[in-house]
Amino acid sequence: WSNRIYLMLGQGAFLLHPYNEQLTLNYEQGQGVVYYQDRDSLHQLIGHYLGPLSNTRRNIARAGLDRTCKEHTYRHRVIEMLRVIDKSILE
C-alpha cells in the first residue's frame, strides 16, 4: 500500500481496500478500513455501505481518522526513523 491510505484516512475518508495482512496491523477490519477479498466481495460491500448505513460509514471513517492522527502521522514516522538510527549507531 502507499501513503495515500494514511492521507485519505487522515482526511476522514471511508475506505474500501483490498485485504492486506500487513495493513491490518495498522487498521483492523471496520476500524478505519473495510477490506475486501475479491471483486465480488467488493461489489457486495459497495452495495452494503451505499445503503442506509451512513452512520456506520461515518463511524468507520472517524475510527480511521482518530487512529491515523494518534499513530500514523509524519511525526510518528520521523520519531520511529530516529529511533532506528539511534539503535543502529549504538550497536
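1. A residue is called buried under 20% relative accessible area, exposed over 50%, and partly exposed in between. Phe14 has a relative accessibility of 25%, so this residue counts as partly exposed. The model discussed in this note is a predicted one, and the points below should be read with that in mind.

2. Phe14 takes part in one of the aromatic contacts, of which the count comes to three pairs. The ring centres of Phe14 and Tyr49 lie 5.0 Å apart with the planes at 50°, and the pair is therefore tilted, since that angle is neither under 30 degrees nor over 60. This pair links distant parts of the chain, with Phe14 in the loop between helix 1 and strand 1 and Tyr49 in helix 2, 35 residues apart. Whereas Phe14 is partly exposed, Tyr49 is buried, with a relative accessible area of 11%.

3. Tyr19 and Tyr35 form an edge-to-face aromatic pair, at 5.9 Å from centre to centre and with 75° between the planes. Here too distant parts of the chain are linked, for Tyr19 sits in the loop between strand 1 and strand 2, while Tyr35 belongs to strand 2, 16 residues apart. Tyr19 is partly exposed, at 41% relative accessibility, and Tyr35 is buried, with a relative accessible area of 6%.

4. For helix 3, the span from the first C-alpha to the last is 26 Å over 18 residues, close to the 26 Å expected at 1.5 Å a residue. The buried residues in helix 3 are Ile60, Ala61, Gly64, Leu65, Arg67 and Thr68, and what covers them includes helix 1, strand 2 and helix 2.

5. Thr68, placed in helix 3, deserves a separate comment. This residue counts as buried because its relative accessibility is 4%. Once neighbours within four places in sequence are left aside, Thr68 is in contact with Tyr6, Leu9, Gly10, Tyr27 and Thr73. Thr68 and Gln11 are separated by 57 residues in sequence, yet their C-alpha atoms are 9.3 Å apart in space.

6. Thr68 also appears in the lining of the largest pocket, together with Asn3, Tyr6, Leu7, Cys69, His72, Thr73, Tyr74 and Arg77. Helix 1 (4–10), helix 3 (54–71) and helix 4 (74–90) are the elements that give two or more residues to this lining. About 200 Å³ of space lies in the pocket, and by class its lining has four nonpolar, four polar and one charged residues.

7. Which residues does Asn26 contact, leaving aside its neighbours within four places in sequence? The partners are Trp1, Tyr6, Arg67 and His72. Asn26 lies in the loop between strand 1 (15–18) and strand 2 (33–36), and a relative accessible area of 16% makes this residue buried. Of these partners, Tyr6 and His72 are among the residues that line the largest pocket, and Arg67 is among the buried residues of helix 3.

8. Is Arg75, found in helix 4, buried or exposed? Arg75 is exposed, since its relative accessible area is 65%. The C-alpha atoms of Arg75 and Tyr35 are separated by 27 Å, and the two residues are 40 residues apart along the chain; Tyr35, by contrast, is buried.

Technical notes
Residues numbered from 1 in each chain as written. Predicted model: local features only at pLDDT ≥ 70, side-chain atom pairs only at ≥ 80, totals over all residues. Heavy atoms only, no water. 1 Å grid on protein atoms, 1.4 Å probe; cavity = no way out; pocket = protein on both sides within 12 Å on 5 of 7 lines; lining within 4 Å. Points joined across faces, edges and corners; volume = space filled by probe spheres on them. Helix = DSSP H or I, 4+ residues; strand = E, 2+ residues; numbered from the N terminus. Nonpolar A, V, L, I, M, F, W, Y, C, P; charged D, E, K, R; others polar. Buried < 20%, exposed > 50% of the residue type's maximum accessible area, 1.4 Å probe, protein only. Contact = heavy atoms within 4.5 Å. Expected span 1.5 Å × (residues − 1). Phe/Tyr/Trp six-rings, centres within 6.5 Å; stacked < 30°, edge-to-face > 60°.
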